[in-house]
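Here is a short report for someone meeting this structure for the first time. It moves from loops to the core and then to the surface.

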Amino acid sequence: MHCGPPDMVCETKIVAAEDHEALPGAKKDALLAAAGAMWPPLPAAPGPAAAPPAPPPAPVAQPRGGAGGAGPPGGRGVYIREFRATEQEAARRIFYDGIMERIPNTAFRGLRQHPRAQLLYALLAALCFAVSRSLLLTCLVPAALLGLRYYYSRKVIRAYLECALHTDMADIEQYYMKPPGSCFWVAVLDGNVVGIVAARAHEEDNTVELLRMSVDSRFRGKGIAKALGRKVLEFAVVHNYSAVVLGTTAVKVAAHKLYESLGFRHMGASDHYVLPGMTLSLAERLFFQVRYHRYRLQLREE
């Protein structure tokens, strides 16, 4: 079974421009200013009245992540910074919890996206009534079918998790922080890691994938996911990529609204996407389906 980096949470490709030379300082500053205008700063979390702001510090070098996102450790606001090796378990926990939340969403809410499966289940219930003439037995059929959907959703998604936790998420430092063109960021609130996102380059096609975007469920609604998305967009601007392409199997409408709020355009969807961990057995095809959505954000003309 192929265990390449799966994209259950969020998978993005950043299409590279022809010129991958480092940007001249003046041009890079202009691009970063444009990025700042596109994606305004994330508001600080509510807290006690702060002292008057100190003068801005001198700029510091940011070899991977680009401008913005850094904040003083111990501050009250949310800030994005590069991953540290000591945060491995925190990052894995946030990723694991975010994926496990997908099980009921995929099993139940996701059924609304698949009218053929709905029709099949209705036919099975009708067939049960035609054979048994039992109203009670027929009423039990939908519950049994939903139970099977939950079982197979859990089976496939846990296989997906095992694949991810034994590949890139097994050693974030090695997989994302060391290769050129790759990076892993964490969102920090009150000293705690509350969100993650990664970018990884593919030299063969001059692309970068955005992977593993997830936010701790206790800290959602604070704009953290949008800040993580902005970080990757800034990364694309700094490193002279021309577009960001996003692929996701998310069921929740809020996830799709997030991508649109960042400037992405929906480019289409497919019901034939094979999630890492799928065996494509007949039972799995009957009781587990996902819809793969593609988005694109054009940063500049190629």
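## A buried glycine and the chain around it

Gly77 is buried, at 19% relative accessibility. Buried means under 20% relative accessible area, exposed means over 50%, and partly exposed lies in between (1.4 Å probe, protein chains only). Gly77 sits in the loop between helix H1 (25-38) and strand E2 (78-82). Its C-alpha atom is 6.2 Å from that of Leu189, although the two are 112 residues apart along the chain.

This is a predicted model: local features need pLDDT of at least 70, side-chain atom pairs count only at pLDDT 80 or more, and totals for chains, interfaces and linings use all residues. Residues are numbered from 1 along each chain as its sequence is written, and side-chain values use heavy atoms, with hydrogens and water left out.

The protein chain has nine helices and eight strands. Helices (H or I, at least four residues) and strands (E, at least two) are DSSP runs, numbered from the N terminus. Of the 302 residues, 46% count as buried. A contact means heavy atoms within 4.5 Å. Among contacts between residues at least 6 apart in sequence, 77% join residues at least 24 apart.

**The core.** A nonpolar core is a set of buried Ala, Val, Leu, Ile, Met, Phe, Trp, Tyr and Cys residues joined through side-chain atoms within 4.5 Å. The largest one here has 71 residues. Phe95, Phe184, Ile196 and Phe264 have the most contacts inside it. Helix H5 (residues 135-165) gives the most to this core, with nine residues. Leaving aside residues up to four places away in sequence, Phe264 touches Leu233, Val244, Leu246, Tyr259, Tyr295, Arg296 and Leu297.

**Cysteines.** How many disulfides does the count come to? It comes to zero, where a disulfide is a pair of cysteine sulfur atoms within 2.5 Å. The sulfur of Cys139 has its closest cysteine sulfur in Cys128, at 9.4 Å, so the two are too far apart for a bond. Cys139 is exposed, at 53% relative accessibility. Cys163 is buried, at 3%.

**Loops.** His114 lies in the loop between helix H3 (102-107) and H4. It is buried, at 6% relative accessibility. His114 touches Asp271, Gln289, Val290 and Arg291, not counting residues up to four places away in sequence. His114 and Val290 are 176 residues apart in sequence, yet 8.6 Å apart in space, C-alpha to C-alpha.

Two loop residues have a positive phi without being glycine.

| Residue | Phi | Loop between | Relative accessible area |
|---|---|---|---|
| Asp190 | near 50 degrees | strand E3 (183-189) and strand E4 (192-202) | 39%, partly exposed |
| Leu280 | about 65 degrees | strand E7 (265-270) and H9 | 36%, partly exposed |

**The surface.** The protein chain exposes about 15600 Å², and carbon and sulfur atoms supply 61% of it. Accessible areas come from the Shrake-Rupley method with a 1.4 Å probe; for residues, only the protein chains shown count as cover. Leu120, Leu124, Leu127, Val131, Leu282 and Leu286 make a nonpolar surface patch of about 540 Å². Helix H4 (115-132) and helix H9 (282-287) are the elements that give two or more residues to the patch. H4 gives the most, with four residues. Patches are made of residues with over 30% relative accessible area and no salt bridge: like charges are joined within 9 Å, nonpolar side chains (Val, Leu, Ile, Met, Phe, Trp, Tyr) within 5 Å. A salt bridge is a side-chain nitrogen of Lys or Arg within 4 Å of a carboxyl oxygen of Asp or Glu. Leu120 is in helix H4 and is partly exposed, at 31% relative accessibility.
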